[in-house]
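Me: Got a minute to go through this fold with me? I'd like to start with the overall build and then get down to side chains.

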Amino acid sequence: MSASGCTGNRGAPDGSGSVCFYVYGTKLHVDSVKVEKLSQYDWTDYAEVSIGDTWGLMGATRSGSRGQTVTESSAVGLSFANNTKACGWWHKFPGLKGCITIHS
């Protein structure tokens, strides 16, 4: 793993859970990304990722049961400008974004 950012609380009563975003690669090159969610409540949602203004992902709809970690991942295979912001989140809770900055 090259970088990660996490936010939220798995026990949040609104079901938002804890969200972690992982970026794999070297310096400015991103090989792949992964978004995880863990909640103490059953949920259905889909993951989203943005890397700067040039790359994005809307994942498949996923369901999670109490205490289950659910993952959405994707290959990227691109290089980005220094200091590009990358974030991953689950659609129903866009305020809970795990973010990192890509840098050399």
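Reply: Sure. Helices (at least four residues) and strands (at least two) are taken here as DSSP runs, numbered from the N terminus. Keep in mind that this is a predicted model.

Me: How many helices and how many strands are in the chain?

Reply: Going from the N terminus, the elements read β-β-β-β-β-β-β-β. That leaves the tally for the chain at zero helices and eight strands.

Me: What is the radius of gyration, and how does it sit against the globule rule?

Reply: For 104 residues the globule rule gives 13 Å, and the chain comes close to that, so it is as compact as a globular protein of that length. The C-alpha trace spans about 40 × 20 × 20 Å along its principal axes. The radius of gyration itself is 13 Å.

Me: What share of the residues count as buried?

Reply: The cut-off for buried is under 20% relative accessible area. On the outside, the chain exposes about 5,400 Å², with carbon and sulfur atoms supplying 48% of that. Of the 104 residues, the buried share is 43%.

Me: Why is strand 7 largely enclosed by the rest of the structure?

Reply: Strand 7 covers residues 84-90 and pairs antiparallel with strand 4 (residues 43-51) over five bridges. Five bridges also join strand 7 to strand 8 (residues 98-102), again antiparallel. Strand 7 counts as largely enclosed because of its buried residues, which number six of the seven.

Me: Which residue is the bridge partner of Ala47 in strand 7, and which is the partner of Ala86 in strand 8?

Reply: Strand 4 and strand 7 pair antiparallel, and there Ala47 is matched with Trp90. Strand 7 and strand 8 run antiparallel too, and there Ala86 is matched with Ile100. So the partners asked for are Trp90 for Ala47 and Ile100 for Ala86.

Me: Which salt bridge ties together parts that are ten residues apart in sequence?

Reply: The structure holds two salt bridges. One joins the side chains of Lys34 and Glu36 at 3.5 Å, N to O. The other joins Glu72 and Arg62 at 2.8 Å, N to O. Glu72 lies in strand 6 (residues 69-79) and Arg62 in strand 5 (residues 55-64), so the pair you want is Glu72 and Arg62.

Me: Is Glu72 buried or exposed?

Reply: Its partner Arg62 is partly exposed, with a relative accessible area of 31%. Glu72 has a relative accessibility of 8%, and the cut-off is under 20%, so Glu72 counts as buried.

Key: Residues numbered from 1 in each chain as written. Predicted model: local features only at pLDDT ≥ 70, side-chain atom pairs only at ≥ 80, totals over all residues. Heavy atoms only, no water. Salt bridge = Lys/Arg side-chain N within 4 Å of Asp/Glu carboxyl O. Buried < 20%, exposed > 50% of the residue type's maximum accessible area, 1.4 Å probe, protein only. Pairing = 2+ DSSP bridges. Rg over C-alpha atoms; globule rule 2.2 N^0.38 Å. Areas by Shrake-Rupley, 256 points an atom, 1.4 Å probe, with all protein chains shown as cover.
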